[in-house]
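Student: I'm new to reading protein structures. Could you walk me through this one, feature by feature?
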Amino acid sequence: MRRIFFILLTMIIFGCKDQKATNPTTDLLTLEWSEILTRANGSEVTFMMWQGSPDLNKYINEYIKPHLKEKHGITLNIVGGQGPEIVQLLMGEKQANVSDGQVDMVWINGETFFQLKAIDGLWGPFLDKIPNSKLIDLSNKFISTDFQQPIGGMEVPWSITQFALVHDSIETPTPPSTLPELAAYVKQNQGYFTISNDFSGMTLLKSFLAELSGSPHGLDGTFDEIKYSDLSEKLWAWINQHKKYFWKNGETFPSENTKLNQMYANGEIKISYGFGEGGIDDKINQGLIPKSTKVYPWKNGTIKNSNYLGIVSNSGNKAGAMVAINYFLSPDAQFRKADVSGVNANTVLSYDLLTADDKVKFDQIPKRLYGPSIEELKGHAIQEPDPRYMIKLYEDFRKYVIEK
Amino acid sequence: MKILESMLSKNSENKISLGLFFVLAILPVAAAFSYAVLYSFGVVGIANEGFTFRFWKEVLSTGEFIQSFGYSAAISAVSMVISISLALYLTIIFHKDFENKILSFIAYLPLSLPGVVAAFFGVQVLSKSGFFSRLSYKIGWTEDLSGFPDLINDQYAIGIIITFVSVVAPFFLLLFLNIYENEKVDELHKLANSLGADRRQSIWKVEIPILLHKSKKLISLYLIFLMGAYEIPLILGREAPQMLSVLIVRDLKQYDLTKISEGYVIAVIYSIVIGMITYFIFSRQKQVYA
């Protein structure tokens, strides 16, 4: 019994001790890059990311990790988690005054950026210290502005993507691309359309909201409560009027986009949607959806945005995280990430800023076989609105549609 | 002298055991509950601004908790009644057959499934594109996917109940078979028959009462456990109403950081209600045995 007590006491004492060696970070932003590289060498960096894509996991595990180790001596550890998990973790750690948190860098998008800024969860600005950020065209508003918020050097773009809708060109040769067309479509094809109660579904609702505003730019600018109330009232009225023609008579809605994709693959619904310009190539290649599947934009526009990498404020290895992020942005890593048979992500690097050799390399990237390129959709791209539109849409979609 | 030393040593071991139990079991739960209470009143939480009743008022005014509690209780009760009835039937009628190792292995296999795996099995078997839907299409009962009834994410929580039954019934089957053997129910059944009871009477008046009486505490605790289930209702349930754990996690992970405390309010109310029910169950049993 005494032995057990002794072991327990030892565990508690060592459990309370910081596990990772910490680096002083106050002067990091004034250091030369070579000095940052020296500090990062031999360290461990923990990266919290969404692990729902097998292709992305493979890219990180089989390409990024070994190259980062070989080039910079950094061991990259991956932990699963996205938006809410990242915010919850940091809120808990900040509450407990943990100075050397569990994670060093995170993969985020606009609303998580908004939340992390609200709790001072991000460290920076560090974008200017990242050498490869010179290859990014920061005058591109789809890159330098995240959900209407200037990134301010607090996060570094990793990929750029556009939301798009998906249909089977044989079953649905003329898919709806406006709300009146969608109303007619759901009446004729009852039970084959729905809105997922997640990030993708809310992004679709933003397109609907922008259409109701009468312009692709109707939601630009900071959050406008009056405008939101007016437009959302029309949106809920439209959905409630037509939801009886939705999947399961609109009595319930799928909780997430992966479920929506499965339902499209099974033929339970006939119109799907998502980021990654619809993300159909990998699913067609895997034989999950028919080759007749096509991607199309909403007439008034669909959201185009970037996703980003950030360093958390209580990271114990900010130097390591900076070096890792610089490698994520390198032309080699971005080229590999653009592989259409792999992650199939659009690079955030500006073609004009690449070296001649890298331009040749990027020119050789094969085109997608089935989905459109982001260039083809750019005429229908609209900017992400202020994150508060998303937050309100989540809340009100539940209140005025799901629970009604 | 040696007896006294032995008693003292035993006494100190008991104290250490109690201390360990307190540190490992009571303290973390008490600390987590206290944290949840403070969070629910806005006292802690970096997005909160100090003590307020706002979150409690909001939760109590919407009625979502009451609805979710009733929904969870109803689903759990229906699942338990079906599971226990099935397990009783199998125990009483087929108890000898379960001495066969292969049969007992098949019957107990679902016990080894984690909730999330059982839920995915539920999707594979019960959904419109699942096994039964395909079977019904093959034999011509349905013409297409839409002809197959909604068994998951459905209005009556059929998918949740079927999946709950598939994991709960084997547990009670195992329990009842053990009680049946340990309490020599088979012999009591024969005794009842020799005293003039027919088969129906010996089942309803002897076997079932013994099996239920010996397991009533566990039945009550399992009912509470089912009410707090997460993965199965998350995957097979609807977006509204939601079972309690799904509702709590949804509120804790919501994008509006200023409303996270509402999740803690629901967790606190749920803990208090369940704590009171558990206390009632155990205190009542003590009185019975006293």
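**Reading burial, folds and packing**

Tutor: Sure, and keep in mind that this is a predicted model. Let's start with burial: we count the C-beta atoms around a residue, and Tyr137(B) has 16 others within 10 Å, so Tyr137(B) is partly exposed. Tyr137(B) sits in helix H6 of chain B, residues 131-138.

Student: How far apart are Tyr137(B) and Pro149(B), in sequence and in space?

Tutor: They are twelve residues apart in sequence, and their C-alpha atoms are 12 Å apart in space.

Student: What does the secondary structure of chain B consist of?

Tutor: Count the helices and strands: chain B has twelve helices and zero strands. Read from the N terminus, the order is α-α-α-α-α-α-α-α-α-α-α-α.

Student: How do I read the overall dimensions of chain B?

Tutor: Look at the span of the C-alpha trace along its principal axes, which for chain B is about 85 × 75 × 30 Å. Another guide is the radius of gyration: chain B has 24 Å, while a compact globule of 290 residues would have one near 19 Å. As for burial, 29% of the 290 residues of chain B count as buried.

Student: What share of the contacts in chain B with a separation of 6 or more comes from residues 24 or more positions apart?

Tutor: That share is 69%.

Student: Which helices in chain B could I use to learn about packing?

Tutor: For a helix pair, read the angle and the distance between the axes. Try helix H3 (residues 64-94) and helix H9 (residues 199-227) of chain B: they pack at about 145 degrees, and their axes are 10 Å apart. The crossing of H3(B) with H9(B) is right-handed. On the H3(B) side, the residues in contact include Met80(B), Ile84(B) and Leu88(B), and on the H9(B) side they include Leu211(B), Ile219(B) and Tyr222(B). Sorted by class, this contact has 14 nonpolar, four polar and one charged residues.

Student: At what angle do helices H2 and H12 of chain A cross?

Tutor: Helix H2 (residues 33-40) and helix H12 (residues 318-328) of chain A cross at roughly 110 degrees, with axes that come within 8 Å. Angles of 65 to 115 degrees count as roughly perpendicular. That makes H2(A) roughly perpendicular to H12(A). Their crossing is left-handed. Ile36(A), Leu37(A), Arg39(A) and Ala40(A) in H2(A) face Ala319(A), Gly320(A), Met322(A) and Val323(A) in H12(A), and these residues are in contact. By class, that gives six nonpolar, one polar and one charged residues.

Student: Is H12(A) largely enclosed or largely open?

Tutor: Count the buried residues along the helix. In H12(A), ten of the eleven residues are buried, so H12(A) is largely enclosed by the rest of the structure. Among those buried are Lys318(A), Asn326(A) and Phe328(A).

Student: Is Gly279(A) buried or exposed?

Tutor: Gly279(A) is buried, because it has 20 C-beta neighbours inside 10 Å. You'll find Gly279(A) in the loop between strand S9 (271-274) and helix H11 (281-285) of chain A.

Student: Where are the cis peptide bonds that join Gly124(A) to Pro125(A) and Ala240(B) to Pro241(B)?

Tutor: To spot a cis bond, check omega. For Gly124(A) and Pro125(A), omega is about 0 degrees, and Pro125(A) lies in the loop between strand S4 (122-123) and helix H6 (141-144) of chain A. For Ala240(B) and Pro241(B), omega is about -5 degrees, and Pro241(B) lies in the loop between helix H10 (231-236) and helix H11 (244-252) of chain B.

Student: What is the phi of Ala157(B), and what is the phi of Lys184(B)?

Tutor: Check whether phi is positive in a residue that isn't a glycine. Ala157(B) has a positive phi of about 55 degrees, and Lys184(B) has one of about 50 degrees. Ala157(B) is buried, with 24 other C-beta atoms within 10 Å, whereas Lys184(B) is exposed, with 12. Ala157(B) is in the loop between H6 and helix H7 (158-182) of chain B, and Lys184(B) is in the loop between H7 and helix H8 (185-194) of chain B.

Student: How many residues of chain B are in contact with chain A?

Tutor: For an interface, count both sides: 20 residues of chain B are in contact with 27 residues of chain A. The chain B side has eight nonpolar, five polar and seven charged residues.

Key
Residues are numbered from 1 along each chain as its sequence is written. Chains are lettered from A and ligands numbered from 1 in the order in which they are written. This is a predicted model: local features need pLDDT of at least 70, side-chain atom pairs count only at pLDDT 80 or more; totals for chains, interfaces and linings use all residues. Two residues are in contact if their C-beta atoms, placed from the backbone, lie within 7 Å. Ala, Val, Leu, Ile, Met, Phe, Trp, Tyr, Cys and Pro count as nonpolar, Asp, Glu, Lys and Arg as charged, and the others, Gly among them, as polar. Axes are lines fitted to C-alpha atoms, for helices over the stretch in contact, and angles run from 0 to 180 degrees between N-to-C directions. Helices (H or I, at least four residues) and strands (E, at least two) are DSSP runs, numbered from the N terminus. Angles under 35 degrees count as roughly parallel, over 145 as roughly antiparallel, 65 to 115 as roughly perpendicular and the rest as oblique. A crossing is left-handed if the near helix is turned anticlockwise from the far one by less than a right angle, and right-handed if clockwise. The radius of gyration is taken over C-alpha atoms; the globule rule is 2.2 Å times the number of residues to the power 0.38.
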